[in-house]
Amino acid sequence: MLSFNRWQSLFQQLGLTANTLTFDQLQGAYRQPQRFYHTANHILDCLAHLDRHRALTQNPAAVELALWFHDAVYDSRAGDNEAQSADWATVCLKQQGATVAMQQRIEQLILATAGHCVSADPDVQLMLDIDLSILGQSPSTFARYDQAIRQEYAWVPEAVYQKKRRAVLQSFLQRMSIYQTSALRQRYESAARQNLTRSLKSYP
C-alpha cells in the first residue's frame, strides 16, 4: 500500500503541502481492475530502487514525485498514458503552488518513460533504469511480469500480441545497453538479457 506519510514527507522536501485528495485519487487509480502490472506494487518497487540509488540523483525529490505519477493514467488501449499522467502531475503541482520550473521538470521526467530513449540527463537515466528494473529480476519474477502484461492486453488477439510483444522485447535486446546508469547496468544488464532472450522463445 502506498504510504501517505511518505507522500507528505516528499511534498515537504519540495517545499509544498501534500494534497490528501490527490493521494487518495492516485491510490484509486493504481487499484483499477484493468491493471495487473502497473499497480501500486510497481510504484512501491520503483520507490525502493530510488531509495537504494538516491545518491545518483541531482534532484531526488523530483525523481520521486515523477515515479509516483508516471503510471497514474494507464489504459493499454491508449497511446497517451504518459502525457495524461504528466498532465495530472502538473495540475497537482500547480494547485500546490509549485514553480513553473518544477512543473516542467516533473513533466519532462514522466514523459521520458514514453519512449525510454537514451538521455544525457542523470535523473532521466535513473528514472528510466528504475522503470526497467523488472527486466533484470529473477526468472520467476520476470515470468509473472510477462504474464501480467499479457493480462493488461487481454483484448489483443494472441497472434497480434505475440508479434507486438516480440518487437518490444527485441528492441531492448538490440540496444548496446538496456540500462543507462552504471549501477543498474552492473546489477541487472546480464539478467535482463537472459530474461528477454528466454521470453522471446515463447513468441514464435
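Student: Why is there no bond from the sulfur of cysteine 92 to the closest cysteine sulfur?

Tutor: This is a predicted model, and in it the sulfur of cysteine 92 lies 18 Å from the closest cysteine sulfur, that of cysteine 46. A disulfide needs two cysteine sulfurs within 2.5 Å, so cysteine 92 is too far away for a bond.

Student: What about cysteine 117, and how many disulfides does a search of the whole structure find?

Tutor: For cysteine 117 the closest cysteine sulfur is also in cysteine 46, 18 Å away, which is too far for a bond. The search of the whole structure finds 0 disulfides.

Student: Is cysteine 92 buried or exposed, and how do you know?

Tutor: Its relative accessibility is 1%. Buried means under 20%, so cysteine 92 counts as buried.

Student: And what makes cysteine 117 buried or exposed?

Tutor: Cysteine 117 has a relative accessible area of 53%. The cut-off for exposed is over 50%, so cysteine 117 is exposed.

Student: Let's go to the nonpolar core. Which residues of the largest one touch the most other members?

Tutor: That core has 59 residues, and Trp7, Leu65, Trp68, Phe69, Ile106 and Leu135 are the ones that touch the most other members. Helix H4, residues 60-69, gives the most to this core, with 8 residues.

Student: What is tryptophan 68 in contact with, leaving aside its neighbours within four places in sequence?

Tutor: Tryptophan 68 is in contact with Leu2, Ser3, Arg6, Trp7, Leu10, Phe23, Leu26, Tyr30, Ile43 and Leu47.

Student: Why is H2 called oblique to H4?

Tutor: Helix H2, residues 20-30, packs against H4 at an angle of about 50°, and their axes are 10 Å apart. Roughly parallel would need an angle under 35 degrees, and roughly perpendicular starts at 65. The angle fits neither class, so H2 is oblique to H4.

Student: Which residues meet there, and what classes does the contact of H2 with H4 have?

Tutor: From H2 come Thr22, Phe23, Leu26 and Tyr30, and they meet Leu67, Trp68 and Phe69 in H4. By class, this contact has 6 nonpolar residues, 1 polar residue and no charged ones.

Student: What makes helix H7 largely enclosed by the rest of the structure?

Tutor: H7 spans residues 122-131, and 9 of its 10 residues are buried, so the rest of the structure largely encloses this helix. The buried residues are Asp123, Val124, Gln125, Leu126, Met127, Leu128, Asp129, Ile130 and Asp131.

Student: What do the buried residues of H7 pack against?

Tutor: They pack against four helices: H3 (40-52), H4, H6 (100-115) and H10 (182-200).

Student: How do you know whether leucine 128 is buried or exposed?

Tutor: Leucine 128 lies in helix H7. Its relative accessible area is 1%, and buried means under 20%, so leucine 128 is buried. Leaving aside neighbours within four places in sequence, leucine 128 is in contact with Ala112, Thr113, His116, Cys117 and Gln180.

Student: Histidine 116 is in that list. Where does histidine 116 lie, and what is its phi?

Tutor: Histidine 116 lies in the loop between H6 and H7. Its phi is positive, about 50°, although histidine 116 is not a glycine. Most residues other than glycine have a negative phi.

Student: Why is histidine 116 called buried?

Tutor: Its relative accessible area is 9%. That is set against the cut-off of under 20%, so histidine 116 counts as buried.

Student: What makes tryptophan 155 partly exposed?

Tutor: Tryptophan 155 has a relative accessible area of 39%. Buried is under 20% and exposed is over 50%, so tryptophan 155 falls in between and is partly exposed.

Student: Where is tryptophan 155 found, and what does it touch beyond four places in sequence?

Tutor: Tryptophan 155 is in the loop between helix H8 (139-152) and helix H9 (158-173). Not counting residues up to four places away in sequence, tryptophan 155 touches Ser76 and Arg77.

Student: How do you know whether alanine 83 in helix H5 is buried or partly exposed?

Tutor: Helix H5 covers residues 81-95. Alanine 83 has 31% relative accessibility, so it counts as partly exposed. From C-alpha to C-alpha, alanine 83 and alanine 114 are 8.3 Å apart in space and 31 residues apart in sequence.

Definitions and conventions:
Residues numbered from 1 in each chain as written. Predicted model: local features only at pLDDT ≥ 70, side-chain atom pairs only at ≥ 80, totals over all residues. Heavy atoms only, no water. Buried < 20%, exposed > 50% of the residue type's maximum accessible area, 1.4 Å probe, protein only. Core = buried A, V, L, I, M, F, W, Y, C linked by side-chain atoms within 4.5 Å. Helix = DSSP H or I, 4+ residues; strand = E, 2+ residues; numbered from the N terminus. Contact = heavy atoms within 4.5 Å. Axes fitted to C-alpha atoms, helices over the stretch in contact; angles between N-to-C directions. Parallel < 35°, antiparallel > 145°, perpendicular 65-115°, else oblique. Nonpolar A, V, L, I, M, F, W, Y, C, P; charged D, E, K, R; others polar.
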